[in-house]
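Here is a short report on one protein model. Look at the structure first, then read on.

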Amino acid sequence: MAAAALSGGFADPARDASYAFRALMKVMARPGQIEQLAPVTAPAPLSPAAGTALLTLCDPETPIYLAGDADCELVRDWLRFHTGAPLVGPENCSFAVGAWDALMPLSPYPLGTPEYPDRSATLIVEMSDLEAEGTTLTGPGIQTTAALSLPDPEALSRNAARFPLGLDFFFTCGDRIAALPRSTRIGACMSR
């Protein structure tokens, strides 16, 4: 295991994970809101926000799928050392991380079942840009409407139509993060 895999975690694990968890729950409760995380130093190609989310939410009982460029030796070693999470394919994961195109198609990921809709996957989508503009969002946690720059509004709208089943999403860019729970309705794209 490379020495780089041993570094880059939380400086104060209990305190830092607690702050990060609150920020992650805040963006999930308020779709379209973007928060800045106090990031960890995650190995490339993971963004600091994606690394922080994975360290906060994953443990030895949380299977992770690494898609595309995220599936590299340094990221695998870093996650094993800091979380102990098993690495699996998309059909068995609780969390998946990668760029949108690398995470496609959405069909293999667990969507939950009518009895256990919570047994679905959460995808952490690495974005080159993340702005509170673009596609209109409505639903729980949004007073009237919100907007978020989404990679594929049509695919995300089809996912939302499966509610209460479906996938949840975090979108990360640098040290910034936003969320899109499956209960959010996706509307039209708004121009600036």
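## A proline in a loop

Pro151 is partly exposed, with a relative accessible area of 30%. Partly exposed lies between buried (under 20% relative accessible area) and exposed (over 50%), using a 1.4 Å probe and protein chains only. This is a predicted model, in which local features need pLDDT of at least 70, side-chain atom pairs count only at pLDDT 80 or more, and totals for chains, interfaces and linings use all residues. Residues are numbered from 1 along each chain as its sequence is written, and side-chain values use heavy atoms, with hydrogens and water left out.

Pro151 sits in the loop between strand S6 (146–148) and H5. Helices (H or I, at least four residues) and strands (E, at least two) are DSSP runs, numbered from the N terminus. Leaving aside neighbours within four places in sequence, Pro151 is in contact (heavy atoms within 4.5 Å) with Trp100, Met127, Leu156 and Phe171. Ser128 is 23 residues away along the chain from Pro151, and their C-alpha atoms are separated by 10 Å.

## Helix H5

One of those contacts, Leu156, belongs to the buried residues of helix H5 (residues 153–160). The others are Ala155, Asn159 and Ala160. They cover an arc of only 140° around the axis, which puts them on the same side of H5. The arc is that of the directions from the helix axis to the C-beta atoms. Glu154 and Arg158 are exposed on the other side of H5.

## Helices that pack on H2

Two packed helices are described by the angle between their axes and the distance between the axes. Axes are lines fitted to C-alpha atoms, for helices over the stretch in contact, and angles run from 0 to 180 degrees between N-to-C directions.

| Helix pair | Angle | Axis distance |
|---|---|---|
| H2 (residues 48–57) and H3 (residues 73–83) | roughly 35° | within 10 Å |
| H1 (residues 13–29) and H2 | about 105° | 9 Å |

The second angle makes H1 roughly perpendicular to H2 (65 to 115 degrees). Ala17, Ala20, Phe21, Leu24 and Met25 in H1 meet Thr52, Ala53, Thr56 and Leu57 in H2. By class, this contact has 7 nonpolar, 2 polar and no charged residues. Ala, Val, Leu, Ile, Met, Phe, Trp, Tyr, Cys and Pro count as nonpolar, Asp, Glu, Lys and Arg as charged, and the others, Gly among them, as polar.

Gly51, Leu54 and Leu55 of H2 touch Trp78, Leu79, His82 and Thr83 of H3. The residues of this contact divide into 4 nonpolar, 3 polar and no charged.

In H3, the buried residues are Val75, Asp77, Trp78, Leu79 and Thr83. Their cover includes H2 and strand S2 (64–66).

## Backbone details

Most residues other than glycine have a negative phi, and most peptide bonds are trans. Just after H3, Gly84 takes a positive phi of about 70°. The peptide bond from Ala44 to Pro45 is cis, with omega near 10°. Pro45 is in the loop between strand S1 (35–36) and H2. Met104 and Pro105 are also joined by a cis peptide bond, with omega about -5°. Pro105 is in the loop between helix H4 (100–103) and strand S4 (122–126).

## Another loop residue

Asp175 is in the loop between strand S7 (168–173) and strand S8 (176–180). Asp175 is partly exposed, with a relative accessible area of 23%. Beyond neighbours within four places in sequence, Asp175 is in contact with Glu35, Gln36, Leu37, Pro39, Pro48 and Ala49.

Key. Angles under 35 degrees count as roughly parallel, over 145 as roughly antiparallel, 65 to 115 as roughly perpendicular and the rest as oblique.
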